[in-house]
Amino acid sequence: MFNKNFDLESLNAFGKNTLPGLIGIEFTELGDDFIIARMPVDSRTHQPFGILHGGASVVLAETIGSIASMLCLENPELQKAVGLEINANHLRAVKTGWVYGKVTPIHVGAKTHVWDIKITNEENKPVCICRLTTMII
């Protein structure tokens, strides 16, 4: 399903000097139809009350979903995948450690992609569930 010209090293290089890299998002697994990335829960991703900021969870979700869309493009040099809509249900607070996002496809069409993103804590308990729709331009 995904373009085989990319590997974990190249995916991690995309975010080096952008928001994903600045908050510590790292791609850890690239499957045939899924991607897993992790994000630290620390001062970069905390809200003022010392727990994971919901916006940071959304950044993780949109990052891995957008990358998944990019990996489905026929010509990623001419096409771009951009976020059209995202929703998130925050289920559990996290104070420290890592959270892990796993993206899987719901719909991969010619003009839109819809992705399911599940974010879990280190004990594999659900933290946030997201759905991302990207538009191909």
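Here is a quick briefing on the structure above, starting with the overall build and moving on to the details.

Keep in mind that this is a predicted model. The chain has three helices and six strands, and they come in the order α-α-β-β-α-β-β-β-β as you read along the sequence. Its largest nonpolar core holds 32 residues, and 39% of the chain's 137 residues count as buried.

**Overall build**

- The radius of gyration is 14 Å, which agrees with the value near 14 Å that a compact globule of 137 residues would have.
- If you drew a box around the C-alpha atoms along the principal axes, the box would be roughly 45 × 25 × 25 Å.
- Plenty of contacts reach across the sequence: take those between residues at least 6 apart, and 60% of them join residues at least 24 apart.

**The nonpolar core**

- Two residues stand out in the core of 32, since Val99 and Ile117 have the most contacts inside it.
- Five elements each give two or more residues to this core: strand S2 (35-41), helix H3 (54-70), strand S4 (97-108), strand S5 (112-120) and strand S6 (126-136).
- Helix H3 provides the largest share, with seven residues.
- Val99 is a good place to start exploring, and its partners more than four places away in sequence include Ala37, Arg38, Met39 and Val41.
- Also on the list for Val99 are Leu52, Leu60, Val94, Ile119, Thr120, Asn121 and Val127.

**Aromatic rings**

- The model has two aromatic pairs.
- One of them joins Phe6 and Phe14, whose ring centres are 6.0 Å apart.
- The planes of Phe6 and Phe14 make an angle of 35°, so the pair counts as tilted rather than stacked, a label kept for planes under 30 degrees apart.
- The two partners differ in how covered they are: Phe6 is buried, with a relative accessible area of 17%, while Phe14 is partly exposed at 42%.

**Charges over rings**

- Arg38 lies over the face of Trp98, 3.6 Å from the ring centre.
- Arg38 turns up in the core story too, as one of the residues that Val99 touches.
- Another case involves Lys102, whose charged end sits over the ring of Phe34 at 4.7 Å from the centre.

**Cysteines**

- A disulfide is a covalent bond between the sulfur atoms of two cysteines.
- The count of disulfides here is zero.
- Cys128 and Cys130 are worth a look all the same: for Cys128, the nearest cysteine sulfur is that of Cys130, 3.5 Å away.
- The reverse holds as well, with the sulfur of Cys128 being the nearest one to Cys130.
- That 3.5 Å is over the 2.5 Å limit for a disulfide, so Cys128 and Cys130 are not counted as one.
- Both cysteines are buried: Cys128 has a relative accessible area of 1%, and Cys130 has 2%.

**A loop glycine**

- Gly50 is in the loop between S2 and H3, and those two elements both give residues to the core.
- With a relative accessible area of 27%, Gly50 is partly exposed.
- Gly50 and Ala93 are 43 residues apart along the chain, yet their C-alpha atoms are separated by 9.7 Å.

Key. Residues are numbered from 1 along each chain as its sequence is written. This is a predicted model: local features need pLDDT of at least 70, side-chain atom pairs count only at pLDDT 80 or more; totals for chains, interfaces and linings use all residues. Side-chain values use heavy atoms; hydrogens and water are left out. Rings of Phe, Tyr and Trp (its six-membered ring) pair if their centres lie within 6.5 Å; planes under 30 degrees apart count as stacked, over 60 as edge-to-face and the rest as tilted. Buried means under 20% relative accessible area, exposed over 50%, partly exposed in between (1.4 Å probe, protein chains only). A charge sits over a ring if NZ of Lys or CZ of Arg is within 6 Å of the ring centre and within 35 degrees of the ring normal. A nonpolar core is a set of buried Ala, Val, Leu, Ile, Met, Phe, Trp, Tyr and Cys residues joined through side-chain atoms within 4.5 Å. Helices (H or I, at least four residues) and strands (E, at least two) are DSSP runs, numbered from the N terminus. Contact means heavy atoms within 4.5 Å. The radius of gyration is taken over C-alpha atoms; the globule rule is 2.2 Å times the number of residues to the power 0.38.
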